[in-house]
Protein chains: 2
Amino acid sequence: MVKLDFEKMGGLIPAIAQDAATGEVLMLAYINPEAWQKTLETGEVHYWSRSRQELWHKGGTSGHVQKVKAVYVDCDADAVVFKVEQVGGAACHTGMRSCFYRRVEGDRLVTEGQPVFDPKKVYGDK
Amino acid sequence: MVKLDFEKMGGLIPAIAQDAATGEVLMLAYINPEAWQKTLETGEVHYWSRSRQELWHKGGTSGHVQKVKAVYVDCDADAVVFKVEQVGGAACHTGMRSCFYRRVEGDRLVTEGQPVFDPKKVYGDK
């Protein structure tokens, strides 16, 4: 398995999920060695959830998995890009296609686009 | 100024530089509040160098600055995307266009593309 430099940031590496077809940056989350291994083995992106402190199979609950099309490692081996097919069309828990749906305009954040799904219907009223 | 959640990771937030024209992910580095402010004020990307522990005006030495075309903030305000024009055509210190120039192929990393410039000529023999 390709080795990454997990030491620099206490065992975690930032992972960028990018839409393989459009190039849109969908989200940024973190991987640990287990998540890295599971992602490469299964072909579906796994992250490490910092808030829940557990392995996080993205889309495991909602069915909106990220199918890996290609994986890129940066020059220092301390960041990765997963080029993915986003099942369900949205990566963000808000129902927006990308987590980066707010553009900085002066001192304000302006929302761009519309939700792809209603998060209450997908995740339930939690 | 738009507020980000710098607390989650000890004062730093990962920042993705993406080519505004092609959508290519060029690099990932980190910003602190000063780098965030300088980037918004000057329209050129500033990072926080973790290795040198100082403010890092990207391209300040080589002239290969990143001109900010748009800034996006994610749903948790703990990651940002800078859509940029990469002056000089390459973001990576190796002379490659993107730092993510190595694709995972089984247990190997395969280099994709060619250097845009010779780093020795741009940075000198350091």
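Two strands pair if DSSP finds at least two bridges between them. That rule sets up the strand details below. The model is predicted.

**Strand pairing**

Strand β7 of chain A covers residues 102-105. It pairs with β8(A) in the antiparallel sense, over four bridges. Within this pair, Arg102(A) stands opposite Thr111(A), a residue of β8(A).

Both strands belong to an open sheet of six strands. The order is β8(A)-β7(A)-β5(B)-β6(B)-β1(B)-β2(B), with mixed pairing. The sheet therefore draws on chain A and chain B. Its edge strands each pair on one side only. The table lists them.

| Edge strand | Chain | Residues |
|---|---|---|
| β8 | A | 108-111 |
| β2 | B | 25-31 |

From one strand to the next, the twist averages 35°.

**How the two chains relate**

A turn of 180° and a shift of 0.0 Å along the axis lay chain A on chain B. The RMSD of that fit is 0.0 Å. This is the relation of a two-fold axis. Which C-alpha of chain A is nearest the axis? That of Gly23(A), at 2.6 Å from it. Both copies use the same surface: 100% of the contact residues of chain A recur in chain B.

**The core**

The largest nonpolar core holds 67 residues. Which of them touch the most other members? Val80(A) and Val80(B) do. Leaving aside residues up to four places away in sequence, Val80(B) touches Leu4(B), Ile13(B) and Ala15(B). Val80(B) also touches Val71(B), Tyr72(B) and Val73(B).

Note on methods
Residues are numbered from 1 along each chain as its sequence is written. Chains are lettered from A and ligands numbered from 1 in the order in which they are written. This is a predicted model: local features need pLDDT of at least 70, side-chain atom pairs count only at pLDDT 80 or more; totals for chains, interfaces and linings use all residues. A nonpolar core is a set of buried Ala, Val, Leu, Ile, Met, Phe, Trp, Tyr and Cys residues joined through C-beta atoms within 7 Å. A residue is buried if 20 or more other C-beta atoms lie within 10 Å of its own, exposed if 12 or fewer, and partly exposed in between; C-beta atoms are placed from the backbone. Two residues are in contact if their C-beta atoms, placed from the backbone, lie within 7 Å. Helices (H or I, at least four residues) and strands (E, at least two) are DSSP runs, numbered from the N terminus. Axes are lines fitted to C-alpha atoms, for helices over the stretch in contact, and angles run from 0 to 180 degrees between N-to-C directions. Copies are superposed by least squares on the C-alpha atoms of residues with pLDDT of at least 70 in both.
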